[in-house]
Structures are given as C-alpha cells and as structure tokens.
Amino acid sequence: MDRQPDRRPEGRATTPCRPTAQDQDAPVVRRPRRAVAGALTAALLGGAALAGCSSGSPANSAVSSAAAAVESGISAAASAAASAAASAAGGVSSALASAVASAASSAEAAASSAVAAVKGGLDAKGDVTAAAVTIGSDNKAEVQLTVTNHGQQSARYVIQVNFTDGSGNVLDATAVTVPDVGAGQSTQVTARSNRDLTGTVKVDVANAVRY
C-alpha cells in the first residue's frame, strides 16, 4: 500500500501534549509560595494584634488585684469572726478577744495590700473626708466618704478605711475602689464593715491613692 503524504500545512508548529496527573514521568509543577507566606504572615500579625488587645492596662490589673485582696481579707475576717462567736458562746473571753483581734488584723492587712497593689499611685488622703459612722439594721458599720479630685486630670481611687473603737484600736477594715472622678469634681461612696460591730465605732481613713 502506498504511504499517504503528510497533509499538515508547512510552517505550523505542533502543540506538545501536556502531562496529566496520571503521567508517571510528568515533571513536578512548583507553585509560587509567596501567596502562602503572605497568608501566614497576616495570620501571625492578626494573632499578635488580638493578644495585644486582650491584655489589660496596669491600672485595671491593679484594681483586679485590689478586689482580690479585699475579698481574701473579708473571707479571713469572716472566718475569724465565726471563731469569735463560737468562743463567746462557750464563755471563753480570752479566746473571744484573740479571735476579734485576729479578724481585725486580717482585714486591715487585706485592705492595706489592696492599696499597695496600685503601683505609681499618688497619696490622696487629702482628697477624702469621712462622715460619722452609723450602724445599719444588719449591724454592719457604714460610713459615707466624699472624694474630691484635687488633681489636674480625672483619676481613680483606692481607699483604706479602718473602723476603730473609742481608744483607736482597729475593729475592722476594708478597701473601697472609686471609679473615674473628673478633675475638680467630687463623688460619694459608702464603706461598710465586713462583720458586725457594736458600741462606739469611729472611722479612720488610713490610706488613699489616686491613679
């Protein structure tokens, strides 16, 4: 049989077959990694930004520390007060006095720690005035505090309040946190004792910081 002549037009290039996924000898296609690297970088930067936004400011941390310290002191004071009540029921006066003193000491230490937790604060005892102590229907001592910001910018406060007897002995203590007070402005807050107090009860603003 005669061989048929090649009828392809002269000068036209033929298109080579492209390798498919099934071709075992097909060359490996290297894809650009720039887009992938960019996506990873964006993800990392986004994570860092979120981490930065989630952390609180030093002032907020100080307030949280103060609240934790006061709560701890209240728990210790309540426990000691319960021991005091049990001792009183048993008629052990010396144990009662010791338990009351322990409760007062624990509460005072907690309130002092709350103030100390505020780093970089300014002494602000001069910004705080206290009214007379009253005893509420629940036998807790209460006192109204007036806080006047004598600074040049708005500020927050942490105030240590000691409740004392007529001789100046500390019966109980607490710490009060005051939110933003504008420069030259005043606000009022109430401090309450952690446990029941009776008899003559006075107040001593032992410490206060503005920050």
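Biologist: How many salt bridges does the structure hold?
Modeller: The structure holds 5 salt bridges. Keep in mind that this is a predicted model.

Biologist: What makes Asp-138 and Arg-192 a salt bridge?
Modeller: Their side chains meet at 2.4 Å, N to O. The cut-off is a side-chain nitrogen of Lys or Arg within 4 Å of a carboxyl oxygen of Asp or Glu, so the pair qualifies.

Biologist: Where in the chain do Asp-138 and Arg-192 sit?
Modeller: Asp-138 lies in the loop between strand E3 (134–135) and strand E4 (140–148). Arg-192 belongs to strand E7 (residues 186–196). The two are 54 residues apart, so the pair links distant parts of the chain.

Biologist: Why is Asp-138 called partly exposed?
Modeller: Its relative accessibility is 34%. Buried means under 20% and exposed means over 50%, so Asp-138 falls in between. Arg-192, also at 34%, counts as partly exposed by that reasoning.

Biologist: How do you know that Asp-196 and Lys-140 form a salt bridge?
Modeller: Their closest N and O atoms are 3.0 Å apart. That is within 4 Å, so the pair counts. Asp-196 is in strand E7 and Lys-140 in strand E4, 56 residues apart.

Biologist: Is Lys-140 buried or exposed?
Modeller: Lys-140 counts as buried, because its relative accessibility is 17% and the cut-off is under 20%. Its partner Asp-196 has 40%, so Asp-196 is partly exposed.

Biologist: What makes Arg-192 and Glu-142 a salt bridge?
Modeller: The N to O distance is 3.1 Å. It is within 4 Å, so the definition is met. Arg-192 sits in strand E7 and Glu-142 in strand E4, 50 residues apart. Glu-142 has a relative accessible area of 25%, so it is partly exposed.

Biologist: Which residues are linked in a network of salt bridges?
Modeller: Asp-138, Glu-142 and Arg-192. Arg-192 meets Asp-138 in one salt bridge and Glu-142 in another.

Biologist: Now the sheet. In what order do the 4 strands form the open sheet?
Modeller: The order is E1-E8-E5-E6, and the pairing is antiparallel.

Biologist: Why do strands E1 and E6 stand at the edges?
Modeller: Strand E1 (122–123) and strand E6 (170–181) each have a single partner strand, so one side of each is left without a neighbour in the sheet.

Biologist: How do you know that E1 and E8 pair?
Modeller: E1 and strand E8 (residues 202–210) share 2 bridges in the antiparallel sense. Pairing needs at least two bridges, so the requirement is met. Within this pairing, Leu-122 stands opposite Arg-210 in E8.

How values were computed. Residues are numbered from 1 along each chain as its sequence is written. This is a predicted model: local features need pLDDT of at least 70, side-chain atom pairs count only at pLDDT 80 or more; totals for chains, interfaces and linings use all residues. Side-chain values use heavy atoms; hydrogens and water are left out. Buried means under 20% relative accessible area, exposed over 50%, partly exposed in between (1.4 Å probe, protein chains only).
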